[in-house]
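Let's take a friendly walk through a protein model together. Have a look at the sequence and the 3D view, and then we will go from charged pairs to the inside of the fold.

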Amino acid sequence: MYEQEVLGLLKTETAFLGSADGNQPRVRPMKPWIDPEGHVWLFSRFDTKKVAEFKVNPRVELCVVGKNQEVLTLTGRLRDETRPGSSIFRATLDLMHAETPEMKMYFPENDTTSLILYRLVVHEIRLMRSDCQLVTRVNLPMEQSPDVDLALCQGGFCLLEQ
C-alpha cells in the first residue's frame, strides 16, 4: 500500500527538486520518471545552470505535495547515466519518451546529444499522509555507502547495491 502511494504521487504530481548552488539553495519543478525496476529518473539539457551545480554537489531532495496535502520527499544524490552509445541509455530514453509526454516538449525522440539523464540514487524516503502521520522513513547514510540505492520493488522498498 505504501509503495503504491509513493509511486502514485511520483507519477501524477509535479515534483520540486532542491539542490545547492554553493551556499544558495535552489528549488526547481521537475517531472520524475519511474522505470520498471523502480528507479527514479530525471532529465535536463546539458547547457543548464543546474547541470553545472549537480557536478559540484549531486545531493538533492525531491519533494511532491499531493492533492490531499500528502508530502513525499526523496533524498539522495544524482548519478549521471548519460552514455549516448550505450544500449541501456537508448532503452531508458525510449521508455522515458513513451511514458513521459512532457519530455517530448523539450527533446525530440532521436535527440541524444542535448540532454542528460540522471538516476536518483535514493537514500531516504518519507511520506507524510494527509492526517500528518509519518508512514515510513528509510535513511541510508550517503557518506558510508554512497552506492547503496533504494528502489521501489514489488512488495515494498528494497536495497540494491551497485
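Which side chains meet in a salt bridge at 3.9 Å, N to O? They are the side chains of Glu81 and Arg119. A salt bridge here is a side-chain nitrogen of Lys or Arg within 4 Å of a carboxyl oxygen of Asp or Glu.

Before we go on, a word on the model: it is predicted, with local features needing pLDDT of at least 70 and side-chain atom pairs counting only at pLDDT 80 or more, while totals for chains, interfaces and linings use all residues. Residues are numbered from 1 along each chain as its sequence is written, and side-chain values use heavy atoms, with hydrogens and water left out.

**Charged pairs**

Side chains of opposite charge can pair when their charged atoms come close. This structure has seven salt bridges, and three of them are listed here.

| Pair | Closest N to O distance |
|---|---|
| Arg129 and Glu5 | 2.4 Å |
| Arg26 and Asp21 | 3.1 Å |
| Glu81 and Arg119 | 3.9 Å |

Glu81 and Arg119 bring together distant parts of the chain: Glu81 sits in the loop between strand 6 and helix 3 (87-99), while Arg119 is in strand 7, 38 residues apart. Helices (H or I, at least four residues) and strands (E, at least two) are DSSP runs, numbered from the N terminus. Both Glu81 and Arg119 are buried. Buried means under 20% relative accessible area, exposed means over 50%, and partly exposed is in between, using a 1.4 Å probe and protein chains only.

Arg129 forms its salt bridge with Glu5. That pair also links distant parts of the chain, with Arg129 in the loop between strand 7 and strand 8 (134-139) and Glu5 in helix 1, 124 residues apart. Arg129 is partly exposed, at 24% relative accessible area, and Glu5 is partly exposed too, at 21%.

Arg26 counts as partly exposed at 29% relative accessibility, as does its partner Asp21 at 21%. Asp21 and Arg26 also belong to a network of salt bridges that links them with Arg28, Lys49 and Glu53.

**Helix 2 and its two sides**

Glu53 takes us to helix 2 (residues 49-56), whose buried residues are Lys50, Val51, Glu53 and Phe54. Seen down the helix axis, these buried residues fall within an arc of 160°, so they line one face of helix 2. The arc is that of the directions from the helix axis to the C-beta atoms. On the other side of helix 2, Lys49, Lys55 and Val56 are exposed.

What do the buried residues of helix 2 pack against? Their partners are strand 1, strand 2 (24-30), strand 4 (40-45), strand 5 (59-65), strand 6 (71-80) and strand 7 (115-128). Contact means heavy atoms within 4.5 Å.

**The nonpolar cores**

In soluble globular proteins, nonpolar side chains tend to be buried together. A nonpolar core is a set of buried Ala, Val, Leu, Ile, Met, Phe, Trp, Tyr and Cys residues joined through side-chain atoms within 4.5 Å. The largest one here has 25 residues, and those touching the most other members are Leu10, Val40, Leu62, Leu72, Leu74 and Leu120. Helix 1, strand 1, strand 4, helix 2, strand 5, strand 6 and strand 7 each give two or more residues to this core. Strand 7 gives the most, with six residues. A second, separate core of nine residues includes Phe43, Leu93, Met96 and Met103.

Let's zoom in on Leu72, which lies in strand 6. Leu72 is buried, with a relative accessible area of 0%. Leaving aside neighbours within four places in sequence, its contacts include Val6, Leu10, Leu62, Ile125 and Leu127. Leu72 and Leu127 are 55 residues apart along the chain, yet their C-alpha atoms are separated by 4.5 Å.

**A buried glutamate in a loop**

Is Glu13 buried or exposed? Glu13 counts as buried, at 13% relative accessibility. Glu13 lies in the loop between helix 1 (2-12) and strand 1 (15-21). Not counting residues up to four places away in sequence, Glu13 touches Lys31, Val64, Val65, Gly66 and Lys67. With Lys67, its side chain makes a side-chain polar contact at 2.8 Å. A polar contact is a pair of N or O atoms within 3.5 Å; within protein, one must be able to donate a hydrogen and the other to accept it, and residues adjacent in sequence count only if both atoms are side-chain atoms.
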